[in-house]
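Thanks, everyone. I will go through one model this morning, starting with charged side chains and ending with the nonpolar core. Please keep the viewer open while I talk.

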Amino acid sequence: QVRLVESGGGLVQPGGSLRLSCVAYGTIPAGYIMGWYRQAPGNRRELVATITSDDNTYYPDSVKGRFTLSRVNANNTLYLQMNNLKPEDTAVYYCRGGPTLAAGSWGQGTQVTVSS
């Protein structure tokens with residue numbers, strides 16, 4: 001079983017930037033889809049970004065143009081670069097990986113707080 005560990009969260013001012021990292025301990029099988037979700041208090045966990053094994057990416061309108069997902073296959077590391085952060089981006093961010101988004105592994109989460 002692959003274990004996913006996120007890091008890089010913290011407190012940032014509106015308009016600032018953060019880069020989150022997700023390290024996979026174990027081998028990610030070829031063809032797996034990887035992504036990031038977030039969950040604010042009282043809200044449903046929502047999809048933030050996905051990347052396929054051939055580097056196709058998807059972003060919802062809420063983060064499109066501000067967030068960028070990338071991977072480094074050699075060291076099983078996934079990045080989420082977040083620019084122009086807004087207060088509504090405040091949430092716990094979770095790494096996700098598996099054969100589909102519906103079935104896979106979760107990381108433990110990292111807190112991102114955007115506040116003045």
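Start at glutamate 46, which makes a salt bridge to arginine 38, with 2.7 Å between the closest N and O atoms. Bear in mind throughout that this is a predicted model. The two partners differ in exposure: glutamate 46 is partly exposed, at 37% relative accessible area, whereas arginine 38 is buried, at 4%.

Arginine 38 has a second acidic partner. Aspartate 89 forms a salt bridge with arginine 38, and here the closest N and O atoms are 2.9 Å apart. This contact links distant parts of the chain: aspartate 89 sits in the loop between strand 8 (77-82) and strand 9 (91-98), while arginine 38 belongs to strand 4, residues 33-39, and the separation is 51 residues. Is aspartate 89 buried or exposed? Aspartate 89 has 0% relative accessibility, so it counts as buried.

Aspartate 89 also takes part in a salt bridge with arginine 66, with the closest N and O atoms 2.8 Å apart. Again the pair links distant parts of the chain, 23 residues apart, with arginine 66 in the loop between strand 6 (57-58) and strand 7 (67-72) and aspartate 89 in the loop between strand 8 and strand 9. Arginine 66 and aspartate 89 are both buried. Through shared partners, these salt bridges join Arg38, Glu46, Arg66 and Asp89 into one network. For the whole structure, the count of salt bridges is five.

Next, a sheet. Strands of a sheet pair through backbone hydrogen bonds, and the pairing is either parallel or antiparallel. In this model there is an open sheet of four strands, in the order 1-3-8-7, paired antiparallel. Which strands form its edges? They are strand 1 (3-7) and strand 7, each of which pairs on one side only. From one strand to the next, the twist averages 15°.

Within that sheet, look at strand 1 and strand 3, the latter covering residues 18-25: they pair in the antiparallel sense over five bridges. If you want a place to check the register, leucine 4 stands opposite alanine 24 in strand 3.

Now the aromatic residues. A pair of aromatic rings is described by the distance of the centres and the angle of the planes. Searching the whole structure gives two aromatic pairs. One of them is tyrosine 37 with tryptophan 106, edge-to-face, at 5.0 Å centre to centre and 75° between the planes. Tyrosine 37 is in strand 4 and tryptophan 106 in strand 10 (residues 105-106), so this pair links distant parts of the chain, 69 residues apart. Tyrosine 37 counts as buried at 12% relative accessibility, and tryptophan 106 counts as partly exposed at 36%.

The other pair is tyrosine 94 with tryptophan 106, also edge-to-face, with 6.2 Å between centres and 80° between the planes. Tyrosine 94 lies in strand 9 and tryptophan 106 in strand 10, 12 residues apart. At 14% relative accessibility, tyrosine 94 counts as buried. Taken together, Tyr37, Tyr94 and Trp106 form one aromatic cluster.

What lies over the face of tyrosine 94? Arginine 45 does, at 3.7 Å from the ring centre. Arginine 45 also lies over the face of tryptophan 106, at 4.5 Å from the ring centre.

Last, the core. In soluble globular proteins, nonpolar side chains tend to be buried together. Here the largest nonpolar core has 26 residues, and Trp36, Leu80, Met82 and Tyr93 are those with the most contacts inside it. Two or more residues each come from strand 3, strand 4, strand 5 (46-51), strand 7, strand 8, strand 9 and strand 11 (110-114). Strand 3 contributes the most to this core, with four residues.

To go back over the charged part: Arg38, Glu46, Arg66 and Asp89 are held in one salt-bridge network. On the aromatic side, Tyr37, Tyr94 and Trp106 make one cluster, and arginine 45 lies over the face of tyrosine 94 and over that of tryptophan 106. That is all I have; questions are welcome.

Methods: Residues are numbered from 1 along each chain as its sequence is written. This is a predicted model: local features need pLDDT of at least 70, side-chain atom pairs count only at pLDDT 80 or more; totals for chains, interfaces and linings use all residues. Side-chain values use heavy atoms; hydrogens and water are left out. A salt bridge is a side-chain nitrogen of Lys or Arg within 4 Å of a carboxyl oxygen of Asp or Glu. Buried means under 20% relative accessible area, exposed over 50%, partly exposed in between (1.4 Å probe, protein chains only). Two strands pair if DSSP finds at least two bridges between them. Axes are lines fitted to C-alpha atoms, for helices over the stretch in contact, and angles run from 0 to 180 degrees between N-to-C directions. Rings of Phe, Tyr and Trp (its six-membered ring) pair if their centres lie within 6.5 Å; planes under 30 degrees apart count as stacked, over 60 as edge-to-face and the rest as tilted. A charge sits over a ring if NZ of Lys or CZ of Arg is within 6 Å of the ring centre and within 35 degrees of the ring normal. A nonpolar core is a set of buried Ala, Val, Leu, Ile, Met, Phe, Trp, Tyr and Cys residues joined through side-chain atoms within 4.5 Å.
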